[in-house]
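Here's a quick walk through the structure, one neighbourhood at a time. Keep the viewer open and click along.

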Amino acid sequence: MDYLKAQSVDSLKGTINISGAKNASLPLIAMTILAKNSVNIKNLPHVADIRTLLKLLTNLGAKVDFLDEKVVVDTKPLHETKATYDIVKTMRASILVLGPILARFGHCEVSLPGGCAIGQRPIDLHLKALEQMGAQIEIKAGYIEARAPKGLQGCNIIFDKITVTGTANIVMAAALANGKTTITNAAREPEVVQLCEVLNESGVTIDGIGTAVLTVHGTAGELINIPEFSIIPDRIEAGTYLCAGAITKSKITLTNVEPKHLGAVLAKLEEMGSSFTLTEDSITIHPAKKIKPVKIITQEYPAFPTDMQAQFMALATQADGVSIIEERLFENRFMHVSELQRMGADITLNAHTATVNGKTKLSGTDVMATDLRASSALVLAALVANGETNIHRIYHLDRGYDALEKKLGGVGADIQRLSE
Ligand code: EPZ
């Protein structure tokens, strides 16, 4: 199993190129199930979750070609409608094939994804919405069996909670439905916006894109022609590297990034003392000399993203004063706390709120990654810890970061990938 050996670094310098967004890529790959043509996808990130979903599609019969500048997905030969446990258990976002397969074939079996380190991750809202659209759904032996022999019917759906993949699943199901589907309390994340924009360009009229009320005009079962598209930049990867600049007090520039997707993250870094130079597709961080403490509450976009919570906790250990971080989306997204404490961080937990007393001297040691974003938080801590830090189980990191150690190495970090 791989691990990262990271040394502390005085400062970083230079430019980091941001990859395509994992969480935009996953629904957009699932969307190809709705296509009558071969779909060209540019700027897919080279991360494990993307490979997993593409493998799932090939298991179902689709053809996937990896070319230099793009990936071509042809789902015309797709014939299998069962997404099995062996692959779904490795990535719960596989649930994103449920809506498209059901919409296209009228039946579908998808293994229940199961929970993950950060929480139980229910999909009740996905299933309830599909039932409202006329699907018969049964849970049998760990599988979701869904049927809609007469196709899905457009209707008015109100999500009890804002759900990112739930919104994506229902938008894709509604794309081929009979009639109009209105989704109220829809997720407004940029990744959902791109899915809607590409569907719109593919002949599925969607009103309200970027708002909490989406109206999808279905094609009544007609497959769609999806033009070539390029994945939007990964705002969480970008936020992670901005935290690397902030925690090491280094001026670095990110390229191929979308500053407007990072409003809440930039605002919180400014509160902590950083400033920024922005262009249309780049961000340069001018870090604080003294990092100020911060209060963070994670909420749905455009508020502060839960996927940046762990990284900011690592940064808060270097702030002069007490930071308060409240996690409102997931019930168990503080697994990085105990590992940061082992490095010397002074953090106390009370239910969903962490109190971080800074500034603490961190010491390098052996630590264990527990989930994707916790892994990157440990890398950030290692950059400023005394001595060497070995981060184990970095398969978590590889699910969502494209060559992190190489990108940080390119701006002066000393991080080696080794095998144990
Ligand atoms: C997406 O997960 C992201 N994953 C997550 O990123 C991200 O943390 C999360 O959205 C929140 O922004 C992908 O896009 C692949 P949710 P998702 O459905 O869609 C509850 C990362 O690090 N809920 O928006 O699974 C749920 O329990 C990953 O890249 C229900 O109760 O999250 C949670 O409290 C981690 N019932 C809240 O809604 C449902 O049917 C938000 O979950 C669905 C969700």
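A316 is as hidden as the numbers allow you to see: its relative accessible area is 0%, and because the cut-off for buried is under 20%, A316 counts as buried. Bear in mind that this is a predicted model. From A316, the tour goes on to other covered spots, then the ligand, then the backbone oddities.

**A316 and its surroundings**
- You'll find A316 in helix α10.
- Leaving aside residues up to four places away in sequence, A316 touches M272, S323, V356 and G358.
- To get a feel for distance, pick G99: it sits 217 residues from A316 along the chain, and the two C-alpha atoms are 40 Å apart.

**C196 in helix α7**
- C196 belongs to helix α7, which covers residues 190–201.
- Is C196 buried or exposed? With a relative accessible area of 1%, C196 is buried.
- Its contacts, again without residues up to four places away in sequence, are V171, I206, I209 and L214.
- K407 lies 211 residues from C196 along the chain, with 31 Å between their C-alpha atoms.

**E145 in strand β9**
- E145 is part of strand β9, residues 143–147.
- Though it's a glutamate, E145 is buried, because its relative accessible area is 14% and the limit for buried is under 20%.
- Which residues does E145 touch, once those up to four places away in sequence are set aside? They are C108, E109, Q136, I137, E138 and K140.

**Helix α4**
- Helix α4 runs over residues 98–105 and is mostly covered, with 7 of its 8 residues buried.
- The buried ones are L98, G99, P100, I101, L102, A103 and R104.
- What do the buried residues of α4 pack against? Their partners are α1, β7 (107–111), α5, β9 and α6.
- As a reminder, an α-helix has 3.6 residues a turn, so residues three or four places apart point the same way.
- Just past the end of α4, G106 has a positive phi of about 85°.

**Helix α11**
- In helix α11 (residues 335–342), the buried residues are H336, V337, E339 and L340.
- Their cover includes α10 (309–316), β20 (346–350), β22 (366–368) and α12.
- A glycine follows here too: G344, just after α11, takes a positive phi of about 110°.

**The ligand site**
- The ligand takes up the space of the largest pocket.
- How many residues surround the ligand? There are 24, and the closest are D124, T163, T165, D307 and L329.
- Four helices each supply at least two residues of the shell around the ligand: α1 (22–31), α5 (124–132), α6 (164–175) and α12 (372–384).
- Check the side chain of T163, where an N or O atom is 2.7 Å from an oxygen atom of the ligand.
- For R121, the side-chain N or O atom is 3.0 Å from a ligand oxygen.
- For R92, the distance from a side-chain N or O atom to a ligand oxygen is 3.2 Å.
- On its own the ligand exposes 820 Å², and the protein buries 90% of that.

**Backbone oddities**
- Some background first: most residues other than glycine have a negative phi, and most peptide bonds are trans.
- Y301 and P302 are joined by a cis peptide bond, with omega about 10°.
- P302 is in the loop between β18 (295–297) and α10.
- Another cis peptide bond joins G358 and K359, with omega about 5°.
- K359 lies in the loop between β21 (353–358) and β22, while G358 is one of the residues that A316 touches.
- A141 isn't a glycine, yet it has a positive phi of about 45°.
- Look for A141 in the loop between β8 (136–140) and β9, where A141 is exposed at a relative accessible area of 80%.
- R393 isn't a glycine either, and its phi is positive at about 60°.
- R393 sits in the loop between β23 (388–392) and α13 (395–398).
- Why does R393 count as partly exposed? Its relative accessibility is 36%, so R393 falls between the cut-offs of 20% for buried and 50% for exposed.

How values were computed. Residues are numbered from 1 along each chain as its sequence is written. This is a predicted model: local features need pLDDT of at least 70, side-chain atom pairs count only at pLDDT 80 or more; totals for chains, interfaces and linings use all residues. Side-chain values use heavy atoms; hydrogens and water are left out. Buried means under 20% relative accessible area, exposed over 50%, partly exposed in between (1.4 Å probe, protein chains only). Contact means heavy atoms within 4.5 Å. A residue is near a molecule or strand if one of its heavy atoms lies within 4 Å of it. A polar contact is a pair of N or O atoms within 3.5 Å; within protein, one must be able to donate a hydrogen and the other to accept it, and residues adjacent in sequence count only if both atoms are side-chain atoms. Accessible areas come from the Shrake-Rupley method with a 1.4 Å probe; for residues, only the protein chains shown count as cover. On a 1 Å grid over the protein atoms alone, a cavity is a set of points where a 1.4 Å probe fits but cannot get out, and a pocket is an open set with protein on both sides within 12 Å along at least five of seven lines; lining residues have an atom within 4 Å of a point. A molecule sits in a cavity or pocket if more than half of its atoms lie within 2 Å of its grid points.
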